[in-house]
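Biologist: I should like a close look at one part of this model. Please set out its arrangement and then its surroundings.

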Amino acid sequence: MNYAALKSDTHEIVVDEVLPHAPETIWKALTTGELIGRWLMMPTGFEAVKGKRFTFQTTPGGAWDGVIHCQVLEATPNERLVYAWKGGHEGNVGYGSPLDTVVTFSLSRVESGTRLRLVHSGFVLPRNDGAFKKMGEGWKKCVPTIGAIAGEQVSSKEPH
Amino acid sequence: MIEAAAINAVMRTLADPTRRAVFERIVGSDEITVVELTRGSGVTQGAISQHLKSLKQAGLVAERPEGRNVFYRAEPEGLAPLVDWMSHYGVFWRDRFANLKTLLKEIDP
């Protein structure tokens, strides 16, 4: 097990593991709509074809509806699957803030099965990162922003 | 995934401008009493108490009784549901990898 998650310097998440299955089996789990739904989230419109657009519905936050907009950037059977992963809303901070990232799955055959490496890259960390964890000036700046988002959300949900 | 209810509770609590102002004043001081919060706020002590109750329920504020006074302080963990994307996805992908391994065992025992 090798979870090298949260590489803060490169702003990417890496999960890298050897799984006791053939690359073909793992490829099937990564590229079959129904199977994707069983381990990740149920995609809408997924096809392992370059250029194909699809979505995932996740938890909404603030002014964001929770939809992740994806597009297949590369699909090399049993080897490499890359898709764009975009979502969020510019009025949000933290969860629900603008997200323009790329998810890459790389498969390579090894003696005991397949090495599967996931890289989720392109994270832009907020300037006041850590402000939530630590008392300080950052808080005073981020709190009004949250309030603005929250206000937007509440007013949009109120009956007119 | 983060609970939608938790995100919405924090957002709803901070949506009210007066309540947000109260929260900001608590954040800006180590500890503060209702009397100090009321002073210069333009609203009654009863109203401040109501806002404090909401902030406590959302996990944004903690209280410490001492003698006849109650001191309030901000709880940084209360804003955790709004934590940044990268931390969110760090946990997310590890969970999903665990799901994937379970699924693979099922389809390819």
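In which order do the 3 strands of the open sheet in chain B lie, and is their pairing parallel or antiparallel?

Modeller: This is a predicted model, in which local features need pLDDT of at least 70 and side-chain atom pairs count only at pLDDT 80 or more, while totals for chains, interfaces and linings use all residues. Residues are numbered from 1 along each chain as its sequence is written, and chains are lettered from A and ligands numbered from 1 in the order in which they are written.

The order is β1-β3-β2 in chain B, with antiparallel pairing (strands are DSSP E runs of at least two residues, helices H or I runs of at least four, numbered from the N terminus; pairing requires at least two DSSP bridges). At the edges stand β1 (32–33) and β2 (61–66) of chain B, each paired on one side only. Between β1(B) and β3 (residues 69–74) of chain B there are 2 bridges, and Y72(B) in β3(B) is the bridge partner of I32(B).

Across β1, β2 and β3 of chain B lies helix α2 (residues 17–27) of chain B, at about 90° to β3(B) (contacts are C-beta pairs within 7 Å, placed from the backbone; axes are fitted to C-alpha atoms, and angles run from 0 to 180 degrees between N-to-C directions).

As for the wider setting, the largest nonpolar core has 25 residues (buried Ala, Val, Leu, Ile, Met, Phe, Trp, Tyr and Cys joined through C-beta atoms within 7 Å; buried means 20 or more other C-beta atoms within 10 Å). To this core α5(B) gives the most, with 7 residues. Apart from it lies another core of 16 residues, including V22(B), A58(B), A74(B) and L79(B).

Key:
Buried ≥ 20, exposed ≤ 12 C-beta atoms within 10 Å, placed from the backbone. Contact = placed C-beta atoms within 7 Å.
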